[in-house]
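Visitor: I'm new to this structure, and I'd love a close look at a single part. Could you pick one spot and walk me through it slowly?

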Amino acid sequence: MPVAPVCRRFTLLLAALWAVGCHPVTVEQRQAVAAEKEGSPTMITLIEYSGDGQSLGPVQAAKLVLPDEEWRARLTPLAYSVTRHKGTEMAFTGKYDKHSSRGIYRCVACKTALFSSDSKFDSGTGWPSFWEPIAPQNVRSEMDHSFGSAREEILCSRCDSHLGHVFPDGPAPTGLRYCMNSAALEFSQAK
Ligand SMILES: [Zn+2]
């Protein structure tokens, strides 16, 4: 048997083992990384908001793709764990659970506007909850099958940070409950 194919198979096996041990990477993330390597960042359309929460309309933005060590350096340990490794802060410990000031909640990692205080409500769950995102373009969802259940995960559209999950048991007018981690958010007060 030729030596080369055996080596190749061994390399593939190592690659497979490495992949199993890592967090899943979405097709979108792979495309964004590949595009960045080729010098052409993936462009997306977001709705931009001013500091006092006024819509500035749609803007084209490059997806923010950084190496894991860069995210680790930029974020607090808790924010890094939640946003980059799909962690969950303990209920009733997040700084925005009982937060009721007027303003907008941005992504802690890339500052994209995500939620308005206008759609925040007290869900009693211990996590900040909203009945809709500030703009549908600014978040995206994926099915999450971890822990033996099917949940809809919510991520930041620009940097793919994990934010939390959405559930169909929220109040009117949407009937949705966007259950977020405070550690994934950064509040800016309306002026
Ligand atoms: Zn983000």
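Guide: Happy to; what follows is a tour around one aromatic pair and the strands that hold it. Please keep in mind that this is a predicted model.

Let's begin with tyrosine 105 and phenylalanine 130, which form an edge-to-face aromatic pair. Their ring centres are 5.2 Å apart, with 70 degrees between the planes; planes over 60 degrees apart count as edge-to-face. Tyrosine 105 is buried, and phenylalanine 130 is buried too.

Now see where the two sit. Tyrosine 105 belongs to strand E3 (residues 103-107) and phenylalanine 130 to strand E6 (residues 129-130), so their pairing ties together parts that are 25 residues apart in sequence.

These two rings have company. Together with Tyr96, Phe115, Tyr178 and Phe187, Tyr105 and Phe130 form one aromatic cluster. The count of aromatic pairs comes to six.

Next, follow phenylalanine 130 across to its neighbouring strand. Opposite phenylalanine 130 stands tyrosine 178 in E10, a residue that also belongs to the aromatic cluster. Strand E10 covers residues 177-180, and two bridges join E6 to E10, the two running antiparallel.

Stepping back, we meet an open sheet of six strands with antiparallel pairing, in the order E5-E6-E10-E9-E8-E7. At its edges stand strand E5 (120-121) and strand E7 (139-144); each has a single partner strand, so one side of each is left without a neighbour in the sheet.

One last stop, right beside tyrosine 178 in the numbering: cysteine 179 is buried, with a relative accessible area of 10%. Cysteine 110 is buried as well, with a relative accessible area of 10%. A search of the whole structure finds zero disulfides.

Definitions and conventions. Residues are numbered from 1 along each chain as its sequence is written. This is a predicted model: local features need pLDDT of at least 70, side-chain atom pairs count only at pLDDT 80 or more; totals for chains, interfaces and linings use all residues. Side-chain values use heavy atoms; hydrogens and water are left out. Rings of Phe, Tyr and Trp (its six-membered ring) pair if their centres lie within 6.5 Å; planes under 30 degrees apart count as stacked, over 60 as edge-to-face and the rest as tilted. Helices (H or I, at least four residues) and strands (E, at least two) are DSSP runs, numbered from the N terminus. Buried means under 20% relative accessible area, exposed over 50%, partly exposed in between (1.4 Å probe, protein chains only). A disulfide is a pair of cysteine sulfur atoms within 2.5 Å. Two strands pair if DSSP finds at least two bridges between them.
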